[in-house]
Amino acid sequence: MSASLGYDLIVQQLIPGYASLARLAVALLSVSPLASRPGAAVLVAGCGTGAELVEARAQRPDWQLTAIDPSAEMLAAAQQRMGGDSIRWHQSTVEALQADGRFAGALSVLVLQSLADDGSKLAFLTALARSLEPGGQLVLVDLMAPERSPLQHQVEAAWLAFQQASGLNADPQALEPLTQGLHPIGEARLTALVNAAGFTDPARIFQALGYEGFLLQRRP
Ligand SMILES: C[S@@+](CC[C@H](N)C(=O)[O-])C[C@H]1O[C@@H](n2cnc3c(N)ncnc32)[C@H](O)[C@@H]1O
């Protein structure tokens with residue numbers, strides 16, 4: 001993803017509720033049965049510029065954090081933001097990470113949406129499930145497929161109005177990674193994929209227009 005410096009502003013102007021998403025995601029994990037333990041190992045998958053890392057450190061300074069992202073540019077931006085923090089950094093996809101059962105919890109915010117539903121989403125989710133201890137939890141947030149509602153056009157118009165009111169005036173190229181080449185799926189398909197990957201049914205914990213967040217648990 002290019003233009004990582006502008007990313008933090010753009011993402012807040014584009015996604016309603018983004019500013020509190022990382023706080024909510026970390027709060028959920030921090031009270032989960034496994035990641036509530038002192039010094040729990042937690043994976044931030046697709047850390048981008050580090051929004052979830054900042055919040056994790058603020059709420060749980062005791063967590064052993066691992067941050068992964070295949071983009072050198074995003075990883076460098078996150079590293080700079082986190083200063084000399086003792087985070088384990090990996091330039092890697094989740095699928096390539098060798099982390100069998102190591103983590104008590106994981107966060108994946110706005111990552112699955114960019115993978116095609118041609119086996120890639122399933123491979124990503126399976127790797128996340130494999131990286132968790134049995135009973136470990138994942139907070140997953142993504143753009144979902146639009147609902148078939150007669151009012152859907154109003155939802156789409158409202159999204160544009162939200163962007164305008166937020167002053168979004170970004171170079172279309174900078175917006176591309178967040179708006180182009182995405183592969184949103186509906187909740188029924190997400191449930192089928194997460195079940196096949198080894199997770200329980202998703203529990204919805206967030207929704208703002210098409211952006212939805214879910215809490216999942218790796219089956220024992
Ligand atoms: C839209 S950004 C979201 C970053 C951050 N989680 C946030 O909410 O601001 C998506 C990030 O996922 C990373 N990514 C894409 N495919 C991935 C994969 N297979 N495994 C891990 N990270 C991936 C991208 O490089 C990018 O930094």
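Begin by selecting strand β1 (residues 41-45) and β4, which run parallel and are joined by three bridges; helices and strands here are DSSP runs numbered from the N terminus, with at least four residues of type H or I for a helix and at least two of type E for a strand. Within this pair, look for Val42, which stands opposite Gly105 in β4. Strands of a sheet pair through backbone hydrogen bonds, either parallel or antiparallel.

Before going on, keep in mind that this is a predicted model, in which local features need pLDDT of at least 70 and side-chain atom pairs count only at pLDDT 80 or more, while totals for chains, interfaces and linings use all residues. Residues are numbered from 1 along each chain as its sequence is written, and side-chain values use heavy atoms, with hydrogens and water left out.

Now show the whole sheet, which is open and has seven strands in the order β3-β2-β1-β4-β5-β7-β6, with mixed pairing; two strands pair if DSSP finds at least two bridges between them. At its edges are β3 (88-90) and β6 (203-208), each of which pairs on one side only. On average, neighbouring strands are turned by 15° against each other, direction ignored, where axes are lines fitted to C-alpha atoms, for helices over the stretch in contact, and angles run from 0 to 180 degrees between N-to-C directions.

Next, select strand β5 (residues 132-143), which is largely enclosed by the rest of the structure because ten of its twelve residues are buried; buried means under 20% relative accessible area, exposed over 50%, and partly exposed in between, with a 1.4 Å probe and protein chains only. Six bridges join strand β4 (residues 103-109) to β5, and these two strands run parallel, with Phe103 opposite Leu132 in β5. To β7 (residues 211-217), in contrast, β5 is joined by seven bridges in an antiparallel arrangement, in which Asp142 stands opposite Glu212 of β7.

Turn to the helices and colour α2 (residues 18-30), which lies across β1, β4, β5, β6 and β7 and runs at about 160° to β4. Leu28 has its place in helix α2, and with a relative accessibility of 19% Leu28 counts as buried. Which residues does Leu28 touch, not counting residues up to four places away in sequence? They are Val139, Ile205 and Leu215, where contact means heavy atoms within 4.5 Å.

Select Thr66 next, which lies in strand β2 and is buried, with a relative accessible area of 3%. Not counting residues up to four places away in sequence, Thr66 touches Val42, Leu43, Val44, Arg88, His90, Arg102 and Phe103.

Helix α3 (residues 51-59) has Ala51, Glu52, Leu53, Glu55, Ala56 and Arg57 as its buried residues, and what covers them includes α2, β1, β2 (64-68), α4 (72-82), β3 and β4.

Finish at the ligand, which is surrounded by 19 residues, the closest being Tyr7, Tyr18, Gly46, Glu52 and Asp69; a residue is near a molecule or strand if one of its heavy atoms lies within 4 Å of it. Zoom in on Glu52, where a polar side-chain atom lies 2.8 Å from a nitrogen atom of the ligand. A backbone N or O atom of Val94 lies 3.0 Å from a nitrogen atom of the ligand, and a backbone N or O atom of Val109 lies 2.9 Å from a nitrogen atom of the ligand.

Terms used. A polar contact is a pair of N or O atoms within 3.5 Å; within protein, one must be able to donate a hydrogen and the other to accept it, and residues adjacent in sequence count only if both atoms are side-chain atoms.
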